[in-house]
Amino acid sequence: MRPAPFDYVRPASAAEAVWALAGAHTAGREARVLAGGQSLVPLLNRRAVRPDLIVDLGRVPALSGIRAGRRGIRIGALTPHATVERSTDTELHRRLPVLPEAAALIGQLPVRVRGTVGGSLAHADPAAEWCLLAVLLSAELTLLGPDGRRVVGADAFLRGRHRTALRPAEILVEVGFPAAEPAAALVEYAAQPGRIPEVAAAAALVLDADGRIGSARLALAGPLERPMRIPAAEALLIGVRPGRESFAAAAAKAARITGASGDLGTLAAVLLRRALAESAARAAVLAPVRRERMELVPV
Ligand SMILES: Cc1cc2nc3c(=O)[nH]c(=O)nc-3n(C[C@H](O)[C@H](O)[C@H](O)COP(=O)(O)OP(=O)(O)OC[C@H]3O[C@@H](n4cnc5c(N)ncnc54)[C@H](O)[C@@H]3O)c2cc1C
């Protein structure tokens with residue numbers, strides 16, 4: 001099938017894109033932003049969406065790029081998955097190695113070369129890796145609209161299956177991951193290789209100097225309307241030693257709370273346990289480094 005006819009503009013700046021979207025909205029016309037086209041083009045071809053106007057962000061290079069610094073990792077909305085996957089930025093790998101690792105799990109190479117981080121977040125597929133990590137790591141999304149910029153937390157941005165806090169004339173400009181969680185890990189199961197996963201789980205643990213869990217983040221995606229952190233399961237982990245039993249108890253509780261049942265529930269519990277184990281292994285490697293640094297502080 002071919003798309004229904006639409007008008008097309010390719011603005012040179014983010015402000016021009018917003019202006020085009022606002023003009024369409026005021027005139028009562030439906031407009032859609034085009035980024036990598038990996039989700040939107042199939043929808044257009046099936047005529048599942050029939051916008052009057054397409055606003056192509058492809059000529060707005062300012063929206064692309066990775067900035068890693070003291071304020072965390074900031075990724076421009078138009079940055080392709082493959083750019084994150086292949087990034088050689090040492091700060092990115094030191095602070096959040098899970099970001100390039102997760103990017104490498106998305107689809108197959110052509111999808112990762114064209115598809116963008118912002119497109120994935122705006123598309124808000126309940127199982128998308130970027131959405132899961134945004135929730136796990138309390139990411140902040142910067143949106144630009146006719147009234148200027150606003151920053152929205154990932155939890156408030158992702159409202160449900162393909163539903164976000166984006167207003168009709170707004171675009172997503174960048175996503176910021178403020179939390180340095182070097183031990184974060186993501187594991188997933190996809191029934192078909194190169195497809196979006198059925199279930200994905202992510203965890204980020206920090207160990208205290210005595211090897212107990214000092215802080216825990218745990219999140220699940222796939223069987224839910226949107227990715228969710230599970231604070232009651234996280235609370236079970238605080239102050240305990242990482243291990244099979246504590247992880248199994250937290251994972252079982254998390255799967256129960258999210259309502260994942262049957263095979264999906266079992267799969268969710270297994271993946272949550274594995275994400276915790278991977279994160280704990282990383283945290284254990286990092287813990288002595290932190291202790292060494294503390295000892296080096298002059299008194
Ligand atoms: C075969 C295949 C396998 C895939 N596997 C996975 C997978 O394993 N994991 C995964 O997460 N995804 C997967 N995807 C989806 C892929 O990651 C897409 O890249 C992503 O969902 C959308 O990104 P895009 O840049 O292509 O956005 P587009 O398709 O261009 O846009 C998607 C939606 O977001 C909106 N949008 C895009 N950018 C912005 C912006 N900056 N501001 C506001 N709105 C915006 C568009 O209007 C549209 O509604 C797969 C896709 C295919 C075709």
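**The ligand shell and helix α8**

Modeller: In this predicted model, the shell around the ligand is made up of 15 nonpolar, 12 polar and 3 charged residues.

Biologist: Which residues of the shell come nearest to the ligand?

Modeller: There are 30 residues around the ligand, and Val-33, Gln-38, Leu-40, Thr-116 and Glu-129 come nearest.

Biologist: What makes the approach of Arg-32 to the ligand a polar contact?

Modeller: The cut-off for a pair of N or O atoms is 3.5 Å. An N or O atom in the side chain of Arg-32 is 3.0 Å from an oxygen atom of the ligand, so the pair counts as a polar contact. Ser-39 also places a side-chain N or O atom 2.8 Å from a ligand oxygen. At Gly-37 a polar backbone atom is 2.8 Å from an oxygen atom of the ligand.

Biologist: How much of the ligand does the protein cover?

Modeller: On its own the ligand has 970 Å² of accessible area, and the protein covers 90% of that. The space taken by the ligand is the largest pocket.

Biologist: Which elements give two or more residues to the shell?

Modeller: They are β2 (31-34), α7 (117-123) and β10 (171-177). The largest share, 4 residues, comes from α7.

Biologist: Why is helix α8 called mostly covered?

Modeller: A residue is buried if its relative accessible area is under 20%. In α8 (residues 129-136), 8 of the 8 residues are buried, so the helix is called mostly covered. Among them are Glu-129, Trp-130 and Cys-131. Just after α8, Ser-138 has a positive phi of about 50°.

Technical notes:
Residues are numbered from 1 along each chain as its sequence is written. This is a predicted model: local features need pLDDT of at least 70, side-chain atom pairs count only at pLDDT 80 or more; totals for chains, interfaces and linings use all residues. Side-chain values use heavy atoms; hydrogens and water are left out. A residue is near a molecule or strand if one of its heavy atoms lies within 4 Å of it. A polar contact is a pair of N or O atoms within 3.5 Å; within protein, one must be able to donate a hydrogen and the other to accept it, and residues adjacent in sequence count only if both atoms are side-chain atoms. Accessible areas come from the Shrake-Rupley method with a 1.4 Å probe; for residues, only the protein chains shown count as cover. On a 1 Å grid over the protein atoms alone, a cavity is a set of points where a 1.4 Å probe fits but cannot get out, and a pocket is an open set with protein on both sides within 12 Å along at least five of seven lines; lining residues have an atom within 4 Å of a point. A molecule sits in a cavity or pocket if more than half of its atoms lie within 2 Å of its grid points. Ala, Val, Leu, Ile, Met, Phe, Trp, Tyr, Cys and Pro count as nonpolar, Asp, Glu, Lys and Arg as charged, and the others, Gly among them, as polar. Buried means under 20% relative accessible area, exposed over 50%, partly exposed in between (1.4 Å probe, protein chains only).
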